[in-house]
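This report describes selected features of a protein chain for a reader who has its coordinates at hand. Please consult the sequence and structure below alongside the text.

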Amino acid sequence: MKLKFEIRNLRHQLRQLDFADVDERIEAARLRIKLGRVFNNCCDFDLALCSFRRGIHGLKTAAVHDVEIARAHTGIAISQWNLDGPGAALEDARLGLEKLPASNTKRVSDYRLTALTTLALCYFETGDMQSARQHYALGLEIATNIKRKNDVDTLKRRLALTYLEDGDCERAARILADAEPDHSTPVNDRLAWLNAKVLTCERLWQFREALQLYDQSLGIFETEAEPPWSMTAAITNAALLFVDLDQPDQLVRAEHILSKIPETELPLSVRLGKTRLKAAMATRRGAYDEALSCWTTMLDMVRQQAGGDPIKLRDILLELTQILLDQGRDNEAASVLQEQLAHDVPADALGIAPAKIGLEVQLSSVVLKNGQVDKALNSLFGLFAKILALNDHEIEYQFWVTLGDIKGHLSEPNVAIFLGKMAAEQIQRAAVGFKNSPADQQTLTKRHIAPLRRLTDLLIQAERFAEANQIQQIADHESTSILARGLRNIASPGSAIDFQTNERTLRNDVRRLQSNAQQNRSVSLTPQANQDLLARCRLTFQSQVNEAEDLFERISSGKWAVRNDPVPLPSPTNELHENEAVLRILTGDREFAVLLDRATGPARDPLILKRSQISDVIYNFWRGLSRTNHADKNAARQLYDSIIAPFEQEFEGVDHLKIVAPGPFSYLPFAALHDGENYLIERRVISYLPVSPVRNLKTPDGELSAPVGMGTTRPHGSLPALLFAQRELETLQRHIGAKTPLLDKDFTKAALATTLSARPSLLHIAAHFIAVPGSLYESHLALGEGQLPVADLLAERFQWEGLPLLVLSACSTAVRDAGDGVMQDLTTLLMQRGVRSVLSALWPICDMATSILMDKFYETMAAQTVLRPEQALAAAQRCMITGHPSQISDAQGGADKDSTSRGLVLGASKLDYSHPYYWAGFKYQIST
């Protein structure tokens, strides 16, 4: 209303003027310029353009009005920006600054500040970070001199973004820390700072901090009845991160806010952000053609309205070509990248064009896929020094991965191993940011964990088993960190990546050169630097380029000697008794290594297996057992002969076998392996250790309370009722004095939280569990009141820390996603949350048989003087193998008396419980 009144007032003043009088014509021109600024504030940019141009025409003969003409050109630039993009606004933005007189009066200084920031923003949005930085710095100097605190903070924030776009993320973070808003800062400026800060966190792979900052932004927006359209970009960026990290609740919040912002007259950056969000959602749905259409639309928008901003084009093209590559359209991806790289783009004082480097690394990867190994290597050779100076974690990571792939193609394992370790260091940086975030398997985990698996494979082939074990632990540990929410203070295993002597020298040389190059580049980019300083920086950087070329040659040559396995393989031998052994499996992409440890040390040389010879056998064996249709004794014998038989002599005196089973081996029910006469469980007790160390949490103070059983007997969706769940929980009460079971309507989230807070010595859950690969929200436990998603199950509300034993009598609670170690099983996730040991299932288990097995399990536990769940499980499994357990009569008598139940019991009495389906699916895992 205030703006409309101002427009009416200005138009009234214009009508009162006598245009025959020269002075009044000049006054009319001044009023039209003022009217144009009001139209801009009303987002009526066409009328604003008309007013500004008529105002300039009226003042062009009056030199004393240069300030007004300059303001008009700046106003035109703002109008053009919103109508046609920053490219169209650039010329008038320059004129807006050039027309100002050299005076230092406060009035002129105010106008110069506006003109500088407008021109700097045009340079920024068209990709010229050097010019943008220079003008922002000049504006910052003026704002500081005239003591405009809000402008000072705004300009610092924008200056930080120029460094961010140039890849200098750490410098951007330092500048933003110096401009942190307080409670007196206007809402829009506070939101803008939050957006700048969160973008910096994302580029530094600090995703936990990014989520926290976006949560603050959403909280501010949700208090606004009509959120300002100028902040749409911030919410769009938040929504994009929520898509990547698989946070549907937060995404719904962001989309609700976006829906309240009108679509009309949105500036280019906002329209790009909303289109990008559509593309991301389409990719999540697998609608790749729709996603490609969105990215192509964004390309056209940037080329037509943003002056072909190379920074924006880079980001768009990287996403677009990745979709093309995923669909096998390599030639199209190469063509798109080459077309953009043919254009000149702004470079900094050292000749580094950040907008090109990411595209060149991507193109090298495409060229490699097409078999042009030498061409890909030469391309990366020319980028090495620039990448070291750039200080962009994502680009450096992609560089090491691509270079490692090249050396893998050239059959140079030592070099490929070194490069894989360099990439692994980058992954560890990423993992710090991913903690606390349920991340999307496709967009994050695959990208960051797959290279580690390739590296494990190379280390196995080179018989460097200690390092292979370390890298496998990192992959398993970090994939859990990425996928599970609620993981706090998880230390990476040991030093994580052990570099041998010669590798360490190379690594240190890379880090030293990188530090020098980054420092030199930061100095050279300072806008106030004089020409002599810039010349010295360029000369220094050229010497660093020469040094980088020599270093690249040393790395690529692979002539440095590598000792085999210079450090002992980490093992728990100091914790093993004479009757115990640890069977550890290392999994690569193509080969597996099997190692055996006794209390006296490694038992024999590692056994090397080809993945192609055993993976399918494991999967088919698991699949057959889980469907009860047959027990493939041939497969059970084949797997025994492949994995266990080679160590038969070393097993003498061993009656407890601890197993570390990653990847496809996590599917293997070792208890059901058969030597031709007996199952393995008949000869030895079996337990499992985590692939990577879990958190060593402090046990909460206070005594443990009595065991607790919880569960549901009700049907769940298409799944039938669990008729014997109550009987199963009653065996816990009967044998070891558990409390009365919490069943059906009493099995709620609140009851589970209360039970855990009371610190039971044992918690037994008998219910349906639905495992949906790749989703912590769709995977869920069935409660009496509905579903409990895994993501919520891992939340802080449920105090799993220090729980001695958790029995998950539920289907597939020990199964990983596709057996590749990417999506962890529920057991591992809960052990990462602090559960000490877990008994869980490898497949959909039989309700009736489970109640019988658990009866024997708890009966054996009750007779033990020392609690050894692995021995109790072995006793129960052996009981099932030797014939129909005596407990069958108890089960018959204790079941519900309806006809369906009686029929099930009668049928159950005829079941062959020696079949591994009924007992082999249970595995006991302990955290240490």
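The following paragraphs treat the nonpolar cores, one helix, a set of salt bridges and one buried serine. The model is predicted.

**Nonpolar cores**

The largest nonpolar core contains 75 residues, of which Leu-583, Ile-643, Phe-665, Phe-670, Phe-857 and Trp-919 touch the most other members. Helix H33 (residues 847-863) supplies the largest share of this core, with eight residues. Another core, of 70 residues, lies apart from it and includes Leu-320, Leu-341, Val-366 and Trp-400.

The surroundings of Ile-643 illustrate the packing in the largest core. Once neighbours within four places in sequence are set aside, Ile-643 is in contact with Leu-583, Val-594, Leu-609, Ile-614, Phe-665, Leu-668 and Phe-670. Among these contacts, Leu-583, Phe-665 and Phe-670 are also listed with the core members that touch the most others.

**Helix H20**

Trp-400, named above as a member of the 70-residue core, is also one of the buried residues of H20. Helix H20 covers residues 393-409, and its 17 residues should span 24 Å at 1.5 Å a residue; the end C-alpha atoms are 25 Å apart, so the model agrees with the expected value.

The helix is mostly covered, since twelve of its 17 residues are buried. The buried set comprises nonpolar side chains such as Ile-395, Phe-399, Val-401, Leu-403 and Ile-406, but also His-393, Glu-396, Thr-402 and Lys-407. As a general point, an α-helix has 3.6 residues a turn, so residues three or four places apart point the same way.

Both ends of the helix show local detail. At its start, a side-chain oxygen of Asp-392 comes to within 3.1 Å of the backbone nitrogen of Glu-394. Just after H20, Ser-411 adopts a positive phi of about 55°.

**Salt bridges**

The structure holds 35 salt bridges. Three of them are set out in the table, with the separation of the closest N and O atoms and the relative accessible area of each partner.

| Acidic residue | Basic residue | Closest N and O atoms |
|---|---|---|
| Asp-330 (14%) | Lys-369 (49%) | 3.7 Å |
| Glu-648 (28%) | Arg-683 (34%) | 3.8 Å |
| Asp-746 (37%) | Lys-745 (61%) | 3.6 Å |

The pair of Asp-330 and Lys-369 links distant parts of the chain, 39 residues apart: Asp-330 belongs to helix H17 (residues 330-341) and Lys-369 to helix H18 (residues 354-369). Within this pair, Asp-330 is buried, whereas Lys-369 is partly exposed.

The pair of Glu-648 and Arg-683 likewise links distant parts of the chain, 35 residues apart. Glu-648 sits in the loop between helix H27 (633-644) and strand E5 (656-660), while Arg-683 is in helix H28 (residues 680-683). Glu-648 counts as partly exposed, and Arg-683 is partly exposed too.

In the third pair, Lys-745 is exposed and Asp-746 is partly exposed. Elsewhere, Lys-106, Asp-110, Arg-148 and Asp-151 are joined into one network by salt bridges that share partners.

**Ser-927**

Ser-927 is located in the segment after strand E15 (922-926). Its relative accessibility is 11%, below the 20% limit, and Ser-927 therefore counts as buried. Not counting residues up to four places away in sequence, Ser-927 touches Pro-690, Val-694, Met-831, Val-835 and Arg-836.

Conventions. Residues are numbered from 1 along each chain as its sequence is written. This is a predicted model: local features need pLDDT of at least 70, side-chain atom pairs count only at pLDDT 80 or more; totals for chains, interfaces and linings use all residues. Side-chain values use heavy atoms; hydrogens and water are left out. A nonpolar core is a set of buried Ala, Val, Leu, Ile, Met, Phe, Trp, Tyr and Cys residues joined through side-chain atoms within 4.5 Å. Buried means under 20% relative accessible area, exposed over 50%, partly exposed in between (1.4 Å probe, protein chains only). Helices (H or I, at least four residues) and strands (E, at least two) are DSSP runs, numbered from the N terminus. Contact means heavy atoms within 4.5 Å. A salt bridge is a side-chain nitrogen of Lys or Arg within 4 Å of a carboxyl oxygen of Asp or Glu. The expected span of a helix is 1.5 Å times one less than its number of residues. A polar contact is a pair of N or O atoms within 3.5 Å; within protein, one must be able to donate a hydrogen and the other to accept it, and residues adjacent in sequence count only if both atoms are side-chain atoms.
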